[in-house]
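Biologist: I would like to learn how to read a few features of a structure. Please show it to me, and we can begin.

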Amino acid sequence: MILTHSTAETYREECTPVLETERLVLRAPRIEDAKAVAALANDRRVAENTLRIPHPYTFADAMQWISAANTRPGERTFVILREDDVVGACGFDLREGPEPELGYWIGAPYWSQDYATEAAKAVVDYAFSAESHAALRAGARVTNPASRRVLEKCGFQWDGVELIRIQSLKASVPSDRFMLTRENWLATRQRQAERAAR
Ligand SMILES: CC(C)(COP(=O)(O)OP(=O)(O)OC[C@H]1O[C@@H](n2cnc3c(N)ncnc32)[C@H](O)[C@@H]1OP(=O)(O)O)[C@@H](O)C(=O)NCCC(=O)NCCS
């Protein structure tokens with residue numbers, strides 16, 4: 001069957017769940033998100049802390065990202081919305097190894113409002129509760145304490161340091177590696193539920 005562009009997008013949207021948190025909605029990226037995605041992702045601080053975001057980042061880059069989103073086996077890519085405004089993106093895929101690799105970015109105007117943590121927790125919960133993964137992995141440049149903190153708040157544990165290639169830098173840089181096993185995810189959820197009940 002040959003899918004037209006819009007039916008392919010609709011099909012992928014139907015396969016990607018909509019995740020709702022207290023303040024955020026996470027759903028598959030749509031063509032109409034391209035302008036907002038391009039405006040937020042065209043930021044050197046975002047590009048230099050993520051694997052594959054180029055800099056500068058144009059409307060065409062956003063369109064390409066949206067067209068390719070959720071087309072690879074095992075990939076779940078979401079845009080993060082706050083009251084219908086795109087604030088960033090989050091997701092996981094299998095491009096870095098056998099276990100899904102979590103990634104996220106938040107546009108600078110929205111930093112330090114706990115959005116990355118809230119979105120990442122929702123995606124982690126989805127990955128473990130709706131899919132059968134034994135563990136998730138993630139990385140943060142050693143110069144990126146905010147991202148390390150997000151991972152810690154999600155229950156990830158430090159797992160070593162590796163060189164990772166950053167597309168926008170055309171170079172490899174040291175990155176802290178983290179892992180969250182299903183067992184530790186359950187324990188973290190339990191601890192957070194107990195704390196919330198106090
Ligand atoms: C890293 C990033 C996702 C954080 O997004 P955010 O929505 O601001 O994150 P949150 O508000 O959920 O949490 C940030 C945490 O880091 C802490 N933090 C922020 N800057 C920090 C710094 N310089 N040193 C130490 N901790 C810092 C915050 O205090 C907060 O922790 P707390 O809740 O314990 O106080 C965002 O800055 C970003 O997108 N950066 C560029 C792309 C990127 O780094 N992506 C991650 C790839 S690994």
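Biologist: Is E152 buried or exposed?

Modeller: The general idea is a count: a residue is buried if 20 or more other C-beta atoms, placed from the backbone, lie within 10 Å of its own, exposed if 12 or fewer, and partly exposed in between. E152 counts as partly exposed because it has 15 C-beta neighbours inside 10 Å. The place of E152 is in helix α6, where a helix is a DSSP run of H or I of at least four residues, a strand is a run of E of at least two, and both are numbered from the N terminus. This is a predicted model, in which local features need pLDDT of at least 70, side-chain atom pairs count only at pLDDT 80 or more, and totals for chains, interfaces and linings use all residues. Residues are numbered from 1 along each chain as its sequence is written.

Biologist: Which residues come nearest to the ligand?

Modeller: A residue is near a molecule if its C-beta atom, placed from the backbone, lies within 6 Å of it. Here 22 residues surround the ligand, and N49, A116, T117, P145 and R149 come nearest. The elements giving two or more residues to this shell are α3 (44-47), β5 (101-106), α5 (115-130), β6 (135-141) and α6 (145-153). Helix α6 gives the most, five residues.

Biologist: How do I read the faces of strand β2?

Modeller: In a regular strand the side chains alternate between the two faces of the sheet. In β2 (residues 24-27), L24 and L26 form the covered face, whereas V25 and R27 form the uncovered one.

Biologist: Which strands pair with β2?

Modeller: Two strands pair if DSSP finds at least two bridges between them. Strand β1 (residues 19-20) pairs with β2 in the antiparallel sense over two bridges, and a hairpin of three residues joins the two. L19 has L26 of β2 as its bridge partner. On β3 (residues 76-82), four bridges join the strand to β2, again antiparallel, and V25 has L81 as its bridge partner there.

Biologist: What is in the largest nonpolar core?

Modeller: In soluble globular proteins, nonpolar side chains tend to be buried together. A nonpolar core is a set of buried Ala, Val, Leu, Ile, Met, Phe, Trp, Tyr and Cys residues joined through C-beta atoms within 7 Å. The largest one here has 46 residues, and I80, A119, A120 and V123 have the most contacts inside it. Helix α5 gives the most to this core, with eight residues.

Biologist: With which residues is V123 in contact?

Modeller: Two residues are in contact if their C-beta atoms, placed from the backbone, lie within 7 Å. Leaving aside neighbours within four places in sequence, V123 is in contact with L19, L26, F78, C90, G91, F92 and L102.
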